Amino acid sequence: MKCFALFLALAGLSLPCFAVTADGAMWNSADNENSGYIALEEIRSFYKFMPIAQPRDRAGRAVGNGTVTLIFGPAPAELSIHGLRCELSHPTRSDDKGDLLVSRTDLLKLIDPVLRPTYITNRRPVRTVIIDPGHGGHDPGTVTDSIRESNVVLMVAGKLAAELKKRGMEVQLTREDNRHLSDQFRVDMAARAENAVFISLHLNKGRSDMRGAETYTAAPAEPGEEVRPVNEHDAANAALAVALQAAMVHRAEAKDGGCRRSRYSLLNSLSCPAALVELGYATHPEEAELLSSDEYQNRLALALADGISTFAGVMNPETQLKALPPPPPPPAEPAKVDAPVKKADTGNKKASPRKRRPAARKKSDSRRRK
Ligand SMILES: [Zn+2]
């Protein structure tokens, strides 16, 4: 499987191109009790997906269309998008009939931006790629007998910057030597750059059997919650994370540790699309050896450059909209609703012309933030 084909396939080209914004106006919540959740059946029908039978030895529910497969589970907060692991903001639920319910936040701020990145309403062309090798100076990050995080990420950052420049992109490095930077310095650099995307590089640490690359983005804003500058890019962040993670897994052949929500204050302070990439575990002996090698660092840099290029491609409104077929005309009659169904507040202040029911303000009670 090739990551580039994978992500481009996800870029709306083979999916329904409904003339809706990703503000959730057309999605009905499952019922009052599960306000803020959408039935998987409704999601499946919207994307024209088919149910996919799962092997007996594998739990979870799967839907897809031959090009894209979504598998919910086996853990309630686990989603696989075409084989790529993604952590949900909220665990899925089941309704009285055993049907799966998916949170509106995960639908609108993870699934839809990944399946249809060209529908991200505030996308704008990437002008500057800011590459941030983490740590530096008196803060070496994770250090073991064989590896020093601040050095490895500096090496990969240099290779990545060179590759992106070769591809004609504007690149800035937060540091080019072993100096210490404050998070505020990094945030200010991103704020000064025009239409930046910010990629912070790190190595992970954990038990000696833990390995794999992980990509973190800021936790998305919840309905009714204050929208911080970083949350303006919730949808773009999801598309960025999946583009980077897919490239690392398929091009660099890194073990898939998944796209995850952030526990890092740096990401929460930025005001442009941003991701923090854990390239691998410094504490896994074999992976540490790999991460120290020039060959694997080159592979990671090329993979990340591909991920960034893919993201920059789908963020360009002009080129992508040309690639999409025109949306179908609106249906003559509104869809029938058998039982009264109330919508949850989407947190989006824009009124939608396609609203079918008045919004019922009810905050999700299962928020889980890192
Ligand atoms: Zn680190």
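**Exercise 1. Describe how helix H6 and helix H9 (residues 294-315) pack.**

Step 1. The axes of H6 and H9 come within 8 Å and cross at roughly 145 degrees. Axes are lines fitted to C-alpha atoms, for helices over the stretch in contact, and angles run from 0 to 180 degrees between N-to-C directions. Helices (H or I, at least four residues) and strands (E, at least two) are DSSP runs, numbered from the N terminus.

Step 2. The crossing of H6 past H9 is right-handed. A crossing is left-handed if the near helix is turned anticlockwise from the far one by less than a right angle, and right-handed if clockwise.

Step 3. On the H6 side the contact includes Ala-236, Ala-239, Leu-240 and Ala-243; on the H9 side it includes Leu-300, Ala-303, Leu-304 and Asp-306. Two residues are in contact if their C-beta atoms, placed from the backbone, lie within 7 Å.

Step 4. Sorted by class, the contact of H6 with H9 has 14 nonpolar, 2 polar and 1 charged residues. Ala, Val, Leu, Ile, Met, Phe, Trp, Tyr, Cys and Pro count as nonpolar, Asp, Glu, Lys and Arg as charged, and the others, Gly among them, as polar.

Background: the structure is a predicted model, in which local features need pLDDT of at least 70, side-chain atom pairs count only at pLDDT 80 or more, and totals for chains, interfaces and linings use all residues. Residues are numbered from 1 along each chain as its sequence is written.

**Exercise 2. Place strand S12 (residues 213-217) among its partners and say whether S12 is enclosed or open.**

Step 1. S12 pairs with strand S13 (residues 256-261) in the parallel sense, over 4 bridges. Two strands pair if DSSP finds at least two bridges between them. Thr-215 has Cys-259 as its bridge partner in S13, and the chain gets from S12 to S13 through helix H6 (residues 234-250) in a right-handed β-α-β crossover. A crossover is right-handed if, with the strands pointing away from the viewer, the path from the first strand over the helix to the second runs clockwise. Opposite Thr-217 in S13 stands Arg-261.

Step 2. S12 also pairs with strand S14 (residues 274-281), here in the antiparallel sense over 3 bridges. Opposite Tyr-216 in S14 stands Leu-276.

Step 3. S12 is largely enclosed by the rest of the structure, because 5 of its 5 residues are buried. A residue is buried if 20 or more other C-beta atoms lie within 10 Å of its own, exposed if 12 or fewer, and partly exposed in between; C-beta atoms are placed from the backbone.

Step 4. In a regular strand the side chains alternate between the two faces of the sheet. In S12, Ala-213, Thr-215 and Thr-217 are buried on one side, and Glu-214 and Tyr-216 on the other.

**Exercise 3. Find what surrounds Leu-267.**

Step 1. Leu-267 belongs to helix H7 (residues 265-269).

Step 2. Leu-267 counts as buried because it has 22 C-beta neighbours inside 10 Å.

Step 3. Leaving out residues up to four places away in sequence, Leu-267 touches Tyr-216, Thr-217, Ala-218, Val-230, Ser-262, Ala-274 and Leu-276. Tyr-216 is 51 residues from Leu-267 along the chain, and their C-alpha atoms are separated by 8.7 Å.

**Exercise 4. Give the strand order of the open sheet that contains S1, and locate helix H3 (residues 104-115) against S1 and S8.**

Step 1. The sheet has 3 strands in the order S1-S8-S7, with antiparallel pairing. Its edge strands, S1 (37-39) and S7 (93-94), each pair on one side only.

Step 2. S1 is joined to strand S8 (residues 100-103) by 3 bridges. Leu-101 in S8 is the bridge partner of Ala-39.

Step 3. H3 lies across S1 and S8 and runs at about 60 degrees to S8. H3 is mostly covered, with 12 of its 12 residues buried.

**Exercise 5. Locate Arg-124 and state how exposed it is.**

Step 1. Arg-124 sits in the loop between H3 and strand S9 (128-133).

Step 2. Arg-124 is partly exposed, because 15 other C-beta atoms lie within 10 Å.

Step 3. Not counting residues up to four places away in sequence, Arg-124 touches Asn-195 and Met-315. Arg-124 and Asn-316 are 5.8 Å apart in space, C-alpha to C-alpha, and 192 residues apart in sequence.
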